[in-house]
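These are my notebook entries on a structure that I wished to read residue by residue. I wrote down each item as I looked it up.

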Amino acid sequence: MSFQQIGHRFKPRFDGFSRSTPLETDIPARLDRLPWSRFHVLVVVALGITWILDGLEVTVIGSLGPSLQRADTLALTPEGVGMASSAYVVGAVIGALLFGWMTDRLGRRQIFFLTLAFYIVGVGASACAWSLDSFALFRLITGLGIGGEYAAINSAIDELVPARLRGRVDLMVNGTFWAGAALGAVGSVVLLNNSVVPVSMAWRFSFGLGAILGVAVLFLRSYVPESPRWLMTHRRVEEAQRIVAEVEARCEKPEDGRQAPLPTVLIYPAGSFGLIEILRFMVVTYRMRTLYVLVLMVAQAFLYNAVFFTYGMVLTNYLAVPSGSVGWYILPLALGNLCGPLLLARWFDTIGRRRMIGGSYAVSGVLMFVVALAMNAHLMTALTQTLAWSAIFFFASAAASSAYLTASELFPLEMRALAIALFYAMGTLFGGAAAPAIFGHLIGTGSMSMLVVGYIFAAVLMLVAAGVAFIWGVDAENKSLEEIAPPLSSLRPQDVAAIRV
């Protein structure tokens with residue numbers, strides 16, 4: 001079904017829910033033809049900061065884990081560090097589901113302000129924790145905000161960025177997670193190794209940094225408009241037209257010329273769809289895409305949470321690295337992860353989604369399997385272990401970023417945010433919430449062979465995801481979002497029956 005064909009539709013009815021007067025609009029095409037401009041830079045900076053904040057949170061826990069076990073801090077056990085990390089991930093799951101549902105109903109803009117506020121409160125309170133219970137609670141609140149951010153931000157960015165650049169922009173934005181990770185690693189080292197701030201207080205300053213950054217981002221986001229694509233499906237057409245016109249006025253002449261005929265989409269502004277309707281579309285209409293994205297999400301979430309939430313304890317417990325120096329070993333991992341999406345991103349728009357997603361998962365899975373065997377043979381030092389992880393995550397970072405890109409672009413506009421939230425929640429719940437607790441327990445046993453088994457399992461998951469990507473992957477590069485997945489409001493019942501992808 002082509003984008004041009006979407007305009008020819010009859011008034012649809014799903015489960016007795018009648019649509020309103022039809023609307024034919026060229027808003028999606030006008031957004032896709034725009035040249036890259038300062039407006040797009042603003043969108044990427046103001047919204048993409050989410051991944052920097054998330055990277056900061058994850059790395060701070062990994063770097064500060066050994067310090068939080070000290071008697072003059074929170075006196076946590078390895079299991080306690082894992083519990084606090086899992087609380088953050090569980091909070092992210094709940095936040096993704098709650099705010100993902102709200103994003104499709106209330107709009108992208110309202111929710112990305114609300115979720116950032118939750119993050120600021122949670123991370124600020126984390127700096128004031130006095131026990132394991134209070135720390136875990138505040139980490140859960142922080143996770144609520146970050147989890148909600150994923151659905152609102154991914155939706156907004158994909159709906160505002162031109163189709164020809166969507167893949168590389170998404171990967172680069174998701175890759176900035178590791179800029180936050182690098183910041184967290186360096187910050188933890190500086191705070192833990194200076195004579196000005198005692199170690200007993202340094203961890204509090206680390207969390208406070210996140211709250212300060214969050215407040216600064218609130219001001220940037222005031223300049224980002226609501227998604228015109230979302231507005232047009234909620235009967236706010238005049239507002240959508242005004243936003244697009246303002247963006248066009250701030251941009252140079254589109255590459256294909258303003259006078260070129262544009263494809264249109266015919267929709268019946270239906271507002272929001274019910275949760276049961278959306279789940280039915282995911283499980284029945286888009287069942288193959290649902291399984292595909294779920295596999296990608298679970299594999300990358302397990303791999304990353306297994307390593308980054310516990311790497312500090314691996315270094316101190318197995319490789320005799322002082323707790324104050326852990327950040328220096330986290331930093332190369334963060335840089336490898338940052339460089340991967342930045343250097344590989346453009347190939348996802350040229351070589352294509354299917355081959356690049358499958359290839360990045362496969363390479364990272366094979367490398368991780370080899371490194372796990374080397375660890376079991378006691379061939380790794382702290383330096384070689386860190387360099388090996390950096391090489392693995394160069395590819396795994398692009399793979400993880402592509403999972404979020406895939407979840408965002410393969411489903412219709414009216415259910416995009418909730419779909420992202422559901423995949424993030426399922427992938428994180430099965431791959432992320434369990435991993436820190438499992439690996440915290442494995443490290444607590446003191447057995448290297450048990451830890452290696454966990455890493456081999458993560459490698460197998462990545463290889464399975466690679467196979468699924470090659471078989472079920474969708475060639476979405478350079479296509480409009482409406483061509484990849486027509487809006488639900490534009491489909492007739494017979495169209496729905498015909499889509500089984």
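**Entry: Val41 and its surroundings.** I began with Val41, which lies in helix α2, residues 38-64. The model is a predicted one, so I treat each value as computed. Is Val41 buried, or is it at least partly exposed? I found a relative accessible area of 39%, so Val41 is partly exposed. I then looked for nonpolar surface residues and found that Val41 belongs to a patch with Trp36, Val45 and Leu220. Together the four residues have about 330 Å² of accessible area.

**Entry: the chain as a whole.** I recorded 21 helices and 4 strands in the chain. Of its 501 residues, 62% are buried. The chain exposes about 17,700 Å², and carbon and sulfur atoms supply 68% of that area. I also looked up the contacts with a separation of 6 or more, and 88% of them are between residues 24 or more positions apart.

**Entry: the nonpolar core.** I noted a general point before looking inside: in soluble globular proteins, nonpolar side chains tend to be buried together. The largest nonpolar core here has 152 residues. Which of its members touch the most other members? They are Phe135, Tyr361 and Tyr455. I chose Tyr361 and listed its contacts, leaving aside neighbours within four places in sequence. Among them are Leu296, Ala299 and Gln300. The list also includes Ala399, Ala400, Ser402 and Ala403, as well as Met462, Ala465 and Ala466.

**Entry: salt bridges.** How many salt bridges does a search of the whole structure find? I recorded 16, and I examined several pairs in turn.

The pair Asp26 and Arg30 has its closest N and O atoms 3.9 Å apart. I looked up the exposure of both partners. Asp26 is partly exposed at a relative accessible area of 23%, whereas Arg30 is buried at 12%. The boundary for buried is under 20%, so the two partners fall on opposite sides of it.

In the pair Glu239 and Arg236, the N to O distance is 3.0 Å. Glu239 is partly exposed at 25% relative accessibility, and Arg236 is partly exposed at 33%.

I then turned to Glu409 and Arg166, whose closest N and O atoms are 2.9 Å apart. Why does this pair tie together distant parts of the sequence? Glu409 lies in helix α17 and Arg166 in helix α6 (residues 166-175), so the pair links parts that are 243 residues apart in sequence. Glu409 is buried at 1% relative accessibility, and Arg166 is likewise buried at 1%. Both residues also belong to a network of salt bridges with shared partners, which includes Arg168, Asp349 and Arg353.

**Entry: cysteines.** I noted that a disulfide is a covalent bond between the sulfur atoms of two cysteines. I searched the whole structure for such bonds and recorded 0 disulfides. I still looked up the exposure of two cysteines. Cys128 is exposed at 51% relative accessibility, and Cys339 is partly exposed at 36%.

**Entry: Glu149.** I found Glu149 in helix α5, residues 132-160. Is this charged residue's entry in my table to read buried or exposed? At 1% relative accessibility, Glu149 is buried. Not counting residues up to four places away in sequence, Glu149 touches Thr50, Phe112, Thr115, Leu116, Asn154 and Arg221.

**Entry: two residues and their distant partners.** Where is His378 placed? I located His378 in the loop between α16 (353-376) and α17 (382-409). His378 has a relative accessible area of 60%, so I entered it as exposed. I compared its position with that of Ser449, 71 residues away along the chain, and the two C-alpha atoms are separated by 9.8 Å.

Ile438 lies in helix α18, residues 416-445. At 39% relative accessibility, Ile438 is partly exposed. Ser86 is 352 residues away from Ile438 along the chain, and I noted 10.0 Å between their C-alpha atoms.

Terms used
Residues are numbered from 1 along each chain as its sequence is written. This is a predicted model: local features need pLDDT of at least 70, side-chain atom pairs count only at pLDDT 80 or more; totals for chains, interfaces and linings use all residues. Side-chain values use heavy atoms; hydrogens and water are left out. Helices (H or I, at least four residues) and strands (E, at least two) are DSSP runs, numbered from the N terminus. Buried means under 20% relative accessible area, exposed over 50%, partly exposed in between (1.4 Å probe, protein chains only). Patches are made of residues with over 30% relative accessible area and no salt bridge: like charges are joined within 9 Å, nonpolar side chains (Val, Leu, Ile, Met, Phe, Trp, Tyr) within 5 Å. Accessible areas come from the Shrake-Rupley method with a 1.4 Å probe; for residues, only the protein chains shown count as cover. A salt bridge is a side-chain nitrogen of Lys or Arg within 4 Å of a carboxyl oxygen of Asp or Glu. A disulfide is a pair of cysteine sulfur atoms within 2.5 Å. A nonpolar core is a set of buried Ala, Val, Leu, Ile, Met, Phe, Trp, Tyr and Cys residues joined through side-chain atoms within 4.5 Å. Contact means heavy atoms within 4.5 Å.
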